Amino acid sequence: MTDRWLYINEISQYLGVTSDTIYKWIEKKGLPAHKIGRLWKFKKDEVDAWVWSGQAAEN
């Protein structure tokens, strides 16, 4: 299973930032995330595309 959903701690470790930063990016920069119940989940390929698109660097 290569395309599994990642948890907030996994995606923050993958990107090298804190989980607080991830929450801010979801709210202010449109980080692709899906809320499932009370948890945020992420698809690695969607996050990679978001980073490569340059949206992570926008103010």
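Let's start with L31, which is buried, with a relative accessible area of 4%. Please keep in mind that we are looking at a predicted model. Where does L31 sit? Its place is in the loop between α2 and β1, and β1 covers residues 34–36.

So which residues does L31 touch, once we leave out those up to four places away in sequence? The list is I22, W25, I26, F42, V47 and W50. Let's follow the last name on that list. L31 and W50 are 19 residues apart along the chain, and their C-alpha atoms are separated by 6.9 Å. From the side of W50, again without residues up to four places away in sequence, the contacts are W25, K29, G30, L31, P32, Q55 and A56.

Now compare that with another pair. G54 and L31 are 23 residues apart along the chain, with 11 Å between their C-alpha atoms. G54 is found in the segment after α3, and G54 is partly exposed, with a relative accessible area of 29%.

Let's step back to the whole chain. What elements does it have? There are 3 helices and 2 strands, and reading along the sequence gives the pattern α-α-β-β-α. The C-alpha atoms fill a box of roughly 35 × 25 × 20 Å, taken along the principal axes. For 59 residues, a compact globule would have a radius of gyration near 10 Å, and the chain has 11 Å, which agrees. Of those 59 residues, buried ones make up 24%.

Here is one more number on how the chain folds back on itself. Take the contacts between residues at least 6 apart in sequence: 46% of them join residues at least 24 apart. As for the outside, the chain exposes about 4,400 Å², and carbon and sulfur atoms supply 51% of that.

Next, the core. In soluble globular proteins, nonpolar side chains tend to be buried together. Which residues make up the largest nonpolar core here? There are 10 in all: L6, I8, I11, I22, W25, I26, L31, F42, V47 and W50. You can spot our friend L31 in that list. The elements that give two or more residues to this core are α1, α2 and α3, and α2 gives the most, with 3 residues.

Let's look at α2, which spans residues 19–28. Its buried residues are I22, W25 and I26. Why do they line one face of the helix? Seen down the axis of α2, these buried residues fall within an arc of 100°, so they share one face. A helpful rule to remember is that an α-helix has 3.6 residues a turn, so residues three or four places apart point the same way. And what is on the face of α2 turned away from the buried side? That face carries the exposed residues D20, K24, E27 and K28. The cover over the buried residues of α2 includes α1, β2 and α3. Just after α2 comes G30, whose phi is positive, near 75°.

Helix α1, residues 8–15, tells a related story, with I8, I11 and S12 buried. Down the axis of α1, its buried residues fall within an arc of 100°, so they line one face of the helix. They pack against α2, β2 (39–41) and α3 (44–52). After α1 we meet G16, with a positive phi near 75°.

Last topic: charges. Side chains of opposite charge can pair when their charged atoms come close. How many salt bridges does a search of the whole structure find? It finds 2.

One joins the side chains of D3 and K43, at 3.6 Å from N to O. D3 lies in the segment before α1 and K43 in the loop between β2 and α3, so this pair ties together parts that are 40 residues apart in sequence. Are these two residues buried or exposed? D3 is partly exposed, with a relative accessible area of 44%, whereas K43 counts as buried at 12%.

The other salt bridge joins the side chains of E10 and R4, at 2.5 Å from N to O. E10 counts as partly exposed, at 24% relative accessibility, and R4 is partly exposed too, at 36%.

That's my tour. Thanks for listening!

Key. Residues are numbered from 1 along each chain as its sequence is written. This is a predicted model: local features need pLDDT of at least 70, side-chain atom pairs count only at pLDDT 80 or more; totals for chains, interfaces and linings use all residues. Side-chain values use heavy atoms; hydrogens and water are left out. Buried means under 20% relative accessible area, exposed over 50%, partly exposed in between (1.4 Å probe, protein chains only). Helices (H or I, at least four residues) and strands (E, at least two) are DSSP runs, numbered from the N terminus. The arc is that of the directions from the helix axis to the C-beta atoms. Contact means heavy atoms within 4.5 Å. A nonpolar core is a set of buried Ala, Val, Leu, Ile, Met, Phe, Trp, Tyr and Cys residues joined through side-chain atoms within 4.5 Å. A salt bridge is a side-chain nitrogen of Lys or Arg within 4 Å of a carboxyl oxygen of Asp or Glu. The radius of gyration is taken over C-alpha atoms; the globule rule is 2.2 Å times the number of residues to the power 0.38. Accessible areas come from the Shrake-Rupley method with a 1.4 Å probe; for residues, only the protein chains shown count as cover.
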